[in-house]
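Colleague: Before we go through this model together, I would like you to justify each term you use, setting the value against the definition behind it.

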Amino acid sequence: MEQNYLYTLAFLKRKDEILMINRLKSPWQGMWNGVGGKRLKDESPLDCILREIEEETGIVLRKDEITFKGTLSWNSDFIAQSSGLYIFVAELPEDFVYDNPKAVKEGILAWRKISWICDEKSIGVAHNIRYFLPTVLNDEKRYHYHNVFDKGILVNVTKIPLE
């Protein structure tokens, strides 16, 4: 994790579903996304994502229960306070119980099928997720995903292996 990005993003997976949040604020307001948020001063990306998961969902994970899966960046045409984020995945037990939908401060949490999240017809999902989520979930390697936006519209995503 050599970059110094401000944001973290996690995908909490249970069987063939991800716990997603329909965001109440920008970026991706009104869209389904993973959970996460901003790092505090001197906070590591791992410590940040564990704190954000607990704050947003109430789920408490240990460091060994979450995996760093890569980074994501974007050009200056995307509205955010940072130029990128760290991506994490946590595999929850198949019998993990989490009542939903659940309204929280950041939005509405609900389980969503991975196939629905990645379907190009699902216009309510953050537009870049379908380009990286299958690799994040299924590939042991880590990648950097660079997103290019033009007037707020995603036009390209490139995938580069991380060392």
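Modeller: Two strands are said to pair if DSSP finds at least two bridges between them. Please keep in mind throughout that this is a predicted model.

Colleague: What makes E9 and E10 a pair of strands, and in which sense do they run?

Modeller: Strand E9 (residues 143-150) and strand E10 (residues 153-161) are joined over eight bridges in the antiparallel sense, and since at least two bridges are needed, the two strands count as paired. One of these bridges sets phenylalanine 149 against leucine 154 in E10. The hairpin of E9 and E10 has two residues between the strands, and lysine 151 takes a positive phi near 55° there.

Colleague: How do you know that E5 pairs with E9?

Modeller: The same kind of count applies: E5 and E9 share five bridges, in the parallel sense, and the definition asks for at least two, so they pair. Within this pairing, leucine 72 stands opposite tyrosine 145 in E9.

Colleague: Why is lysine 69 said to have no salt bridge?

Modeller: Lysine 69, which is found in strand E5, is buried, and the nearest side chain of opposite charge, that of glutamate 140, is 5.6 Å away. A salt bridge needs the nitrogen and the carboxyl oxygen to be within 4 Å, so this pair does not qualify. A polar atom of the lysine 69 side chain does, however, lie 3.2 Å from the backbone oxygen of valine 136.

Colleague: What makes the link between aspartate 47 and lysine 63 a salt bridge?

Modeller: Their closest N and O atoms are 3.2 Å apart, which is within 4 Å, so the pair meets the definition. Aspartate 47 lies in helix H1 and lysine 63 in the loop between H1 and E5, so the pair ties together parts that are 16 residues apart in sequence.

Colleague: Why is aspartate 47 called partly exposed?

Modeller: The relative accessible area of aspartate 47 is 32%, and because buried means under 20% and exposed means over 50%, this value falls in between.

Colleague: How do you know that the length of helix H1 agrees with what is expected?

Modeller: The 13 residues of H1 (residues 45-57) should span 18 Å at 1.5 Å a residue, and the end C-alpha atoms are 18 Å apart, so the two values agree. Just after H1, glycine 58 takes a positive phi of about 85°.

Key:
Residues numbered from 1 in each chain as written. Predicted model: local features only at pLDDT ≥ 70, side-chain atom pairs only at ≥ 80, totals over all residues. Heavy atoms only, no water. Helix = DSSP H or I, 4+ residues; strand = E, 2+ residues; numbered from the N terminus. Expected span 1.5 Å × (residues − 1). Buried < 20%, exposed > 50% of the residue type's maximum accessible area, 1.4 Å probe, protein only. Lys, Arg positive; Asp, Glu negative; His and termini not counted. Polar contact = N/O pair within 3.5 Å; in protein donor to acceptor, adjacent residues only side chain to side chain.
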